There are 2 protein chains.
Amino acid sequence: MSAKDGLTPRATNFPDWYNDLVLKAGLADYAPVRGCMIIKPHGYAIWELMQRALDDMFKATGHENAYFPLMIPKSFLSKEAAHVEGFAKECAVVTHYRLKLDDKGAVIVDPEAKLEEEMILRPTSETVIWDAYRTWIQSYRDLPVLVNQWANVIRWERRTRLFLRTTEFLWQEGHTAHATFDDAEIESRRMLEVYRVFAEDFMGVPVLTGIKTESEKFAGADHTYCIEALVQDGKAIQAGTSHHLAQNFARAFDVQFQTQDGGREYVYATSWGVSTRLVGTMIMAHSDDKGLVAPPRLAPVQVVILPMGRDEEIRSKTYAAADAMAGELRRSLWRGPDFTPSEYPVEELVGPVPSPIRVKVDKREKESPGVKFYEWELKGACVRVEIGPRDLEAGTCVLARRDTGEKITVPLGDAVSEIDRLLTEIQSGLHARAFAFRQESTRIVNTKAEFEAAFEGEGGAGLVCAHWDGTAETEAMIAEKLRATIRCIPFVPLNADDNEPGVCVMTGNPSKQRVVFARAY
Amino acid sequence: MSAKDGLTPRATNFPDWYNDLVLKAGLADYAPVRGCMIIKPHGYAIWELMQRALDDMFKATGHENAYFPLMIPKSFLSKEAAHVEGFAKECAVVTHYRLKLDDKGAVIVDPEAKLEEEMILRPTSETVIWDAYRTWIQSYRDLPVLVNQWANVIRWERRTRLFLRTTEFLWQEGHTAHATFDDAEIESRRMLEVYRVFAEDFMGVPVLTGIKTESEKFAGADHTYCIEALVQDGKAIQAGTSHHLAQNFARAFDVQFQTQDGGREYVYATSWGVSTRLVGTMIMAHSDDKGLVAPPRLAPVQVVILPMGRDEEIRSKTYAAADAMAGELRRSLWRGPDFTPSEYPVEELVGPVPSPIRVKVDKREKESPGVKFYEWELKGACVRVEIGPRDLEAGTCVLARRDTGEKITVPLGDAVSEIDRLLTEIQSGLHARAFAFRQESTRIVNTKAEFEAAFEGEGGAGLVCAHWDGTAETEAMIAEKLRATIRCIPFVPLNADDNEPGVCVMTGNPSKQRVVFARAY
C-alpha cells in the first residue's frame with residue numbers, strides 16, 4: 001500500500017477510510033500481537049499533547065500522579081463482586097516467570113517457573129490501588145486522596161480497531177478517596193467537566209454529558225457519568241467516564257478512616273479515565289478524504305512552511321524567508337479561542353494557556369510541491385504556508401487552511417498575525433462544524449416503527465432521543481435487535497420536552513424521560 | 001512504623017537507612033506482588049521532573065516518541081542469539097487470556113483460553129521494534145530513524161530493592177536506525193553524553209563515562225557504553241547505558257535498506273535507556289540521616305514556607321506574607337548553575353532553561369513547627385522559609401538550607417533573590433560534595449593482596465583502579481571471590497598512568513590498562 005494511493009472515501013466505507021487514514025498518515029500501525037497497535041511518532045505526538053493538556057488540568061484541580069503495578073494478584077479481582085463479573089472475561093494472565101531452551105535449542109516456557117498465584121495484567125487499577133489505600137488512609141486528615149496514574153492497560157477485546165478499541169491501550173485513571181458521599185459526588189462531576197472542557201475546547205468535539213444506565217455503568221460503581229461524542233458516520237463514541245464508586249471498593253479492601261468525631265467509616269471513592277481512544281475520536285470527528293484534520297490545540301504540526309524554487313540561488317532566498325518566519329512563529333504565543341461556557345464550572349481551571357506555535361519547514365528537494373501538499377494534508381498540518389520566488393518578489397506568501405481548503409495571499413509582514421488568526425478560526429470552526437453536524441444528526445422518535453426504521457441500516461443513525469421504560473430487559477432487547485444502546489441520560493435535555501413523562505417506544509410502558517440511543521464504536 | 005521514629009543512621013546500616021527513607025518520605029512502597037513497587041506521589045514527582053528534563057534533551061537532539069506493545073510473541077526473543085541468552089531467564093509469560101468462575105464460585109484461569117503462542121512482557125523492546133522497522137525502513141531516505149519510548153518493563157529479578165532493582169520498572173528506551181556504523185557510533189556517544197549531562201547537571205551526581213567489558217555488555221550489542229555513579233556507601237550504580245547494536249538486530253529481523261548507490265545493506269542500530277533506578281541513585285548519592293536531600297533541579301518542593309503564629313490575628317499576617325512570597329517565587333524564573341564542561345559536546349543541547357520556582361506554603365495548624373521542620377527535612381525541600389511574628393515585625397525571615405542546615409536571616413524584600421542564590425549554591429554544592437567524595441573513594445591498587453584487602457568487608461569499597469588481563473575468566477573469578485565487577489573502562493583515565501601497560505592484579509598476566517572495579521547495586 002503506497003501513501004500515494006489515496007484514502008477510501010468516507011462515503012464509500014467509513015471504517016476503511018478511517019483505517020487507511022491512520023495507517024497512511026503514519027499515526028499507528030498493527031502490531032504482531034493480535035489486537036495490539038504500534039503508535040507511530042505522528043500519532044504519539046497527538047497523545048502527548050493530549051496528556052500535557054489533561055495533566056495540567058488534573059494538577060490545577062489538586063491531583064498528583066503516582067504509579068501502581070501492572071501485575072495484580074488474581075485473587076484481588078474477586079474481592080469486589082460486580083468488578084470480577086465485568087473484567088474476568090478479558091484478562092491477560094501471567095502464569096510463569098521464566099523461559100528456557102529445550103533439548104533442541106528451542107525457547108519454551110520453563111514448567112519449573114510456575115507462579116503459585118497467577119497474576120492478571122491490569123484492565124483497570126481499582127483493586128491494587130484500594131489495597132494500597134488501606135495503608136495510606138487512617139484518618140479524616142488523610143482525606144481527600146487525589147491521585148492519577150498514566151499507564152498502559154490490557155483488556156482482551158474480541159473485536160478491535162486502531163486507537164478506538166485495542167487489547168493494550170494507554171490511558172489515565174484517576175482514583176480518589178473522600179470522607180463523604182457528597183465529596184465524592186462533587187469530585188466525579190468536577191472531573192467529568194474537566195473531560196468536557198478537554199473534548200470541546202481542545203479536541204473541538206462537542207459531547208453530551210450525562211449518566212449511564214445501570215447496565216452500562218462501570219463494574220463496581222454506584223453510578224457512572226460519561227461524555228459521549230458523535231462522529232461523522234453518525235455513530236457515538238464513549239469518550240470518557242467518571243465513576244462514583246461509593247464505598248464498594250473500600251468495603252472490599254477494608255479501607256476505613258477515623259472520622260472527625262472519633263468514629264470509623266468506610267471511605268468513599270471515585271475513578272475516572274480517558275484513553276488513546278480519544279485520538280481515534282478526534283480523527284473520526286473532523287478528518288476528511290484528504291487525511292487528518294486536527295484542531296490546532298492538538299495538532300503536532302500547526303504550521304508547515306514550504307519554501308520553493310527550482311534552482312539553488314532562488315531556494316537560498318525562499319529558505320531564508322521560511323526560516324525567519326518559522327523562528328518568529330516559534331517565538332510567538334498562540335492562545336486560541338476562549339473555552340466554551342460551563343454548566344458545571346470548575347473554578348480552578350484557568351482559560352487557554354498561550355503556547356509557542358509548532359512549525360515545520362519542509363526543505364526536501366527530491367519531492368515536488370504537489371507531493372508535499374498531499375503529504376501535509378494527509379498528516380493534518382493546520383495551515384500551509386507557500387513561499388515561492390514570485391511570492392518573494394511581491395513580498396507576500398500564500399496561506400492555505402487545512403479545514404476549508406481556502407487560500408489567501410498576505411504580505412509577508414502580516415503572515416504571523418494572520419496565522420494566529422487562522423489557527424483560532426480553525427479551532428473554533430471545527431467545533432462549530434461538529435456541533436452543527438450533531439444538531440442535524442439528533443432527532444426525536446416517538447413510535448416503535450420510527451425507532452426501528454432509524455436503526456434499519458448497518459451504519460450510524462445519529463442520536464435518537466426516545467422514551468424508554470427504564471428496564472434492563474428492554475435495553476437488552478433493543479441492543480440485541482437493533483444494535484443500539486443507550487449512550488446516556490443527558491444532564492441537559494436535548495429537546496425541551498425530553499424530561500416529560502411518556503411511553504416507551506418499544507414496550508409502550510410508562511417512561512420518565514427520553515434517553516439518547518445510538519449505535520456506538 | 002511511624003514517620004516519627006526517624007531513620008536508621010547511614011553509618012549503622014546503609015541499606016536499612018535507604019529503605020527507611022524511601023518509605024517514610026513517602027517516595028515509594030512495596031506492592032502486593034513480589035519485587036514490585038508502588039511509586040507514591042512524592043517519588044513520582046521526582047520521576048516526572050526527570051522525564052521532562054530528559055525528554056526535552058531527546059527532542060532537542062532530534063528524537064520523537066512512539067509506543068510499541070507490551071506483549072511480545074515468545075518466538076521474537078529467540079531471533080537474536082545473544083539476546084535470548086540474556087533475557088529468557090527473567091521473563092514474565094502470558095499464557096491465557098481469560099478467567100472464569102469455577103463450580104464453587106472461585107475465580108480460576110479458563111483452561112479453554114490458552115494462547116497458541118505465549119507472549120512475554122517486554123524486558124526491553126529491541127525485538128518488537130526491529131520487527132516494525134522492517135516495514136518503516138526501505139531506503140536511505142528513511143534514515144536515520146530516531147525514536148524513543150517511555151514505558152514500563154518487566155524483568156523477573158531475584159533480589160530487588162526499591163527504585164534500584166524492581167521486577168517492573170519505568171524507563172525510556174531509545175531505538176535508532178542508521179545507514180552506517182559510524183552514524184550509529186556518533187548516536188550512541190551523543191546519547192551517553194546526554195545522560196552524563198543529566199546525571200551531573202540535574203541529579204548532581206558525577207559519573208564515569210566509559211565502555212563495558214564483553215561480559216558486562218548488553219545481550220545483543222556490539223559494545224555498550226555506560227555512566228557509572230558512586231554512592232555514599234562506596235558502591236557503584238550503573239545509571240544509564242547506550243548500546244551500539246551494529247547490524248545484529250537488523251540481521252535477526254531482516255531490516256535492509258536501499259543505499260544511495262542502489263545497493264542493499266543491513267541497517268545499523270543503537271539503543272539507550274535510563275530508568276526509575278535514577279531516583280534511587282539520586283537518593284543514595286545525596287541524602288542524609290534526616291531524610292531526602294534532592295538537587296533543586298529535580299526536587300518536587302524547592303521551597304517550603306512556614307508561616308507561624310499562635311493566634312489567628314498574627315497568623316493572618318504571617319499567612320499573607322507567606323502567600324505573597326510564594327506568588328513572587330512562582331512568578332520568578334530560576335536558572336541555576338551552568339552545565340559542566342563536556343569532553344564530547346552535544347551541539348544541540350541548550351544550557352539550563354529557567355523555570356518557575358516550585359513552592360509550598362504549609363499552613364497546617366494542628367502540627368507544631370517542630371513536626372513541620374522534621375517532615376520537610378524528610379521530604380527534601382531544598383530551602384525552608386520561616387516567617388514568625390517577630391520576623392514580621394523586624395521585616396525579615398529565616399532561610400534554612402536543607403543540604404548544610406545553615407540558617408540565615410534576610411530582609412523580606414531580599415528573600416526571593418536570596419532563595420534564587422541558595423538554590424544555585426545547593427545545586428552546585430551537591431555536585432561538588434559528591435565529586436569530592438568520589439575523589440576520596442578512588443584508589444589505585446597494584447598488588448593482589450591490596451586488591452583482596454580492598455574488597456574484604458561486606459560493603460562498598462569505592463572505585464578501585466587495577467590492572468586486569470582482559471579475560472572473561474579473570475573477571476568472573478573476581479566477581480565470584482570478591483563480589484567486585486568491572487564497572488567500565490573509562491574514556492578519561494582516572495589516574496595519569498591508567499593507560500600504561502602493567503600486570504593483572506589477580507593473575508600477573510600482561511594488562512593493557514587499569515580498569516575500574518567496584519561492588520555495585
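This is a short viewer tour of a predicted model with two chains, A and B, stop by stop.

**Before you start**

Residues are counted from 1 along each chain as its sequence is written, and chains are lettered from A in the order in which they are written. Because this is a predicted model, local features need pLDDT of at least 70 and side-chain atom pairs count only at pLDDT 80 or more, while totals for chains, interfaces and linings use all residues.

Colour chain A by pLDDT (the predictor's confidence in each residue, from 0 to 100). The mean for chain A is 96, and 99% of its residues reach 70 or more. The model has an ipTM of 0.97 and a pTM of 0.97.

**Stop 1: the two copies**

Show both chains. Turning chain A by 180 degrees, with 0.0 Å of shift along the axis, superposes it on chain B with an RMSD of 0.0 Å. That is how a two-fold axis relates two copies. The fit is by least squares on the C-alpha atoms of residues with pLDDT of at least 70 in both copies.

Now select A:V94. Of the residues of chain A, A:V94 comes closest to the rotation axis, its C-alpha lying at 2.1 Å.

**Stop 2: where the chains meet**

Select the contact between the chains, with two residues taken to be in contact if their C-beta atoms, placed from the backbone, lie within 7 Å. Chain A gives 48 residues to it and chain B gives 48 residues. On the chain A side, strand β5 (residues 93-96) supplies the largest share, four residues. Helices (H or I, at least four residues) and strands (E, at least two) are DSSP runs, numbered from the N terminus.

By class, the side of chain A that touches chain B has 32 nonpolar, five polar and eleven charged residues. Here Ala, Val, Leu, Ile, Met, Phe, Trp, Tyr, Cys and Pro count as nonpolar, Asp, Glu, Lys and Arg as charged, and the others, Gly among them, as polar. The copies meet through the same surface, because 100% of the interface residues of chain A are also interface residues in chain B.

Zoom in on β5 of both chains. β5(A) pairs with β5 of chain B in the antiparallel sense over three bridges; strands pair if DSSP finds at least two bridges between them. Which residue stands opposite A:V94 in β5(B)? Select B:V94 to see that partner.

**Stop 3: the start of chain A**

Move to helix α1 (residues 14-24) of chain A. Among its buried residues are A:W17, A:Y18 and A:L21. A residue is buried if 20 or more other C-beta atoms lie within 10 Å of its own, exposed if 12 or fewer, and partly exposed in between, with C-beta atoms placed from the backbone. Show β1, α8 (277-286) and α10 (369-378) of chain A as well: the buried residues of α1(A) pack against them. Just after the helix, A:G26 takes a positive phi of about 70 degrees.

Next, pick A:G35, in the loop between β1 (28-30) and β2 (37-39) of chain A. A:G35 is buried, with 21 other C-beta atoms within 10 Å. Leaving aside neighbours within four places in sequence, A:G35 is in contact with A:E157, A:T160, A:T166 and A:T167. Add A:W156 too: A:G35 and A:W156 are 121 residues apart in sequence, yet 8.0 Å apart in space from C-alpha to C-alpha.

**Stop 4: a sheet in chain B**

Switch to chain B and find the open sheet of eleven strands, in the order β3-β9-β10-β16-β13-β12-β11-β26-β29-β25-β24, with mixed pairing. At its edges stand β3 (64-65) and β24 (442-444), each with a single partner strand, so one side of each has no neighbour in the sheet.

Select β9 (residues 145-154) and β10 (residues 168-178) of chain B, which run antiparallel and are joined by ten bridges. Across that pair, B:V153 stands opposite B:F169.

Strand β16 (residues 268-275) of chain B is mostly covered, with eight of its eight residues buried. B:Y268, B:T270, B:W272 and B:V274 point one way, and B:A269, B:S271, B:G273 and B:S275 the other way. β16(B) pairs antiparallel with β10(B) over eight bridges, and five bridges join it, also antiparallel, to β13 (residues 236-246) of chain B. Click B:A269: it is the bridge partner of B:A177 and of B:A246.

**Last stop: an enclosed helix**

Finish at helix α8 (residues 277-286) of chain B. Ten of its ten residues are buried, so α8(B) is largely enclosed by the rest of the structure.
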